[in-house]
Amino acid sequence: MSLGQVIKEVRKARGLSQTDLGIPYGQSMIGRIERDERRVAPDIAPILVDKLDHPAVSITAMHEMTGGVGPVYLNGDNVDLHRSSVRERCLHEMSESMEAIQRFHTSKPPDRETERERNQRKEHLLEVLDSIVHEYMYVAVQCEEYGFSFKELHNAHYAKLRSLRLVQEH
C-alpha cells in the first residue's frame, strides 16, 4: 500500500478531514496524494507522521522517502495483524535470523569469497532483514493495541542511544 493510501485509510479511521491534517496544501492536492497522483513531499512527511502518529504512516513514509530502504508495513492478504500472531511470527523470524548469523562466519575477507559464498551471505542477510521487518511490525502492533505513540517511542529510543553515546548529537 502506498503512503497516500495509508494516509487516507488512517485519516478516515481517525475521523479526520483532509484539512485536519494540518499540511499547507489544499484539499485537491491532498486528494491527489491520497489517490497516488502526487507523491508526499519530503518536508510534508514529518507533519503527517506527527499528526497521524500511526505506525503504518511512519513505516511507509520511511520506506518511500528513502526509495525503498528500510522496513515495510506488512498488510498483505497473508498477514495476520493480531498481536499474538505478530508476536509468534516475530519470534520465528528472530530465531531464523539468529541461526543464520550463527551459521555464517564473517572471518573470511570479502575478496576471498567464492560466488557461492557471496550468494549464501546475501541469503543470510535477507533472513536478518526479514527479522527486522517483523520486529518493526511487533512494535507497530503493540503501539496500536496498547495506545503508545510510535513516534514518542522512537524518540525515547533515540534519546537512550544518545545517552549511551552510540549516536552523535546533531
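**How the labels are earned**

At 46% relative accessibility, aspartate 50 in this predicted model counts as partly exposed.

Q: Why is aspartate 50 called partly exposed?
A: Buried needs under 20% and exposed needs over 50%. Aspartate 50 comes in at 46%, so the in-between label, partly exposed, is the one that fits.

Q: What makes lysine 151 and aspartate 50 a salt bridge?
A: The cut-off is a Lys or Arg side-chain nitrogen within 4 Å of an Asp or Glu carboxyl oxygen. Here the closest N and O atoms are 2.2 Å apart, so the pair passes. The two partners sit 101 residues apart, with lysine 151 in helix α7 and aspartate 50 in helix α3.

Q: How do you know that lysine 151 is partly exposed?
A: Its relative accessible area is 31%. Partly exposed lies between the 20% and 50% limits, so the label holds.

Q: Why do glutamate 117 and lysine 108 count as a salt bridge?
A: Their closest N and O atoms are 2.9 Å apart, and the limit is within 4 Å, so they count. A search of the whole structure turns up ten salt bridges.

Q: Why is glutamate 117 called partly exposed?
A: Buried would take a value under 20%. Glutamate 117 has 21%, so it is called partly exposed.

Q: What makes leucine 126 eligible for a nonpolar patch?
A: Patch residues need over 30% relative accessible area and no salt bridge. Leucine 126, in helix α6, has 39%, so it clears the area cut-off. Leu126, Leu129 and Ile132 form the patch, with about 240 Å² of accessible area together.

Definitions and conventions
Residues numbered from 1 in each chain as written. Predicted model: local features only at pLDDT ≥ 70, side-chain atom pairs only at ≥ 80, totals over all residues. Heavy atoms only, no water. Patch = residues over 30% accessible without salt bridge, like charges linked within 9 Å, V, L, I, M, F, W, Y side chains within 5 Å. Areas by Shrake-Rupley, 256 points an atom, 1.4 Å probe, with all protein chains shown as cover. Helix = DSSP H or I, 4+ residues; strand = E, 2+ residues; numbered from the N terminus. Buried < 20%, exposed > 50% of the residue type's maximum accessible area, 1.4 Å probe, protein only.
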